[in-house]
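Let's take a friendly walk through a protein model. Have a look at the sequence and the 3D view, and then read on.

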Amino acid sequence: MREQLTEDDVKKIQEEIEYRKLVVRKEAIEAVKEARAHGDLSENFEYHAAKTDKNKNESRIRYLERMLKTAQVISDDSKEDEVGIHNKVEVYVEDDDETETYRIVTSVRGNSLDGRISIESPMGKALLGHKVGDRVLIQVNENYGYYVVIRSIDKTQDEAEEELRQY
């Protein structure tokens with residue numbers, strides 16, 4: 001499945017790749033060299049730990065590069081009165097009689113524990129394009145769904161940008 005990324009996501013991923021190649025890679029190579037100098041490699045914990053760290057970094061670089069190659073770049077623009085990417089949405093959950101707030105984000109930034117809901121999640125898919133006052137069915141699977149009512153949409157980008165920097 002292709003990741004859906006905004007231009008900002010692509011930029012952040014490119015920055016991470018560059019940082020990992022120019023900074024982390026050099027540090028990892030130095031750590032391996034230093035640990036190798038300590039002698040017998042078969043019982044050298046520092047050497048094995050340094051190699052593991054170096055391999056994790058290289059694996060992350062490959063993962064991010066592959067993600068960028070296969071990604072579908074999408075727009076984060078939306079109409080002024082509709083839910084779009086990076087918007088904070090307050091919804092009333094009818095079944096729970098509770099109000100919850102989420103930020104709608106792309107899948108690479110999704111983290112439901114932080115209140116960031118992916119556009120590929122059932123709720124993210126359902127909310128996109130709706131307006132304040134809309135009653136929206138969140139279809140979790142074939143047999144279960146629930147309704148939410150959109151109470152407010154906050155399109156403030158300053159807060160969104162600050163939250164996205166934590167990526």
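A salt bridge is a side-chain nitrogen of Lys or Arg within 4 Å of a carboxyl oxygen of Asp or Glu. Side chains of opposite charge can pair when their charged atoms come close. This is a predicted model, so local features need pLDDT of at least 70 and side-chain atom pairs count only at pLDDT 80 or more, while totals for chains, interfaces and linings use all residues. Residues are numbered from 1 along each chain as its sequence is written, and side-chain values use heavy atoms, leaving out hydrogens and water.

**The overall picture**

The protein has four helices and seven strands; helices (H or I, at least four residues) and strands (E, at least two) are DSSP runs, numbered from the N terminus. Starting at the N terminus, the order is β-α-α-β-β-β-β-α-β-β-α. The radius of gyration is 21 Å, well over the 15 Å that the globule rule gives for 167 residues, so the protein is more spread out than a compact globule. Here the radius is taken over C-alpha atoms, and the rule is 2.2 Å times the number of residues to the power 0.38. Along its principal axes, the C-alpha trace spans about 70 × 30 × 30 Å.

How much of the protein is made up of buried residues? They account for 35% of the 167 residues, where buried means under 20% relative accessible area, exposed over 50%, and partly exposed in between (1.4 Å probe, protein chains only).

**Charged partners**

A search of the whole structure finds seven salt bridges. Three of them are listed here, including their closest N to O distances.

| Pair | N to O distance |
|---|---|
| Glu65 and Lys21 | 2.7 Å |
| Glu58 and Arg25 | 2.8 Å |
| Arg116 and Asp114 | 3.5 Å |

The pair of Glu65 and Lys21 links distant parts of the chain: Glu65 sits in helix 2 (residues 45–70) and Lys21 in helix 1 (residues 7–36), 44 residues apart. Glu65 is partly exposed at 29% relative accessible area, and Lys21 is also partly exposed, at 31%. Glu58 in helix 2 and Arg25 in helix 1 likewise join distant parts of the chain, 33 residues apart. Glu58 is buried, with a relative accessible area of 17%, whereas Arg25 is partly exposed at 27%.

In the pair of Arg116 and Asp114, Arg116 is buried at 13%, but Asp114 is partly exposed at 48%. Salt bridges with shared partners also join Glu16, Arg20 and Arg60 into one network.
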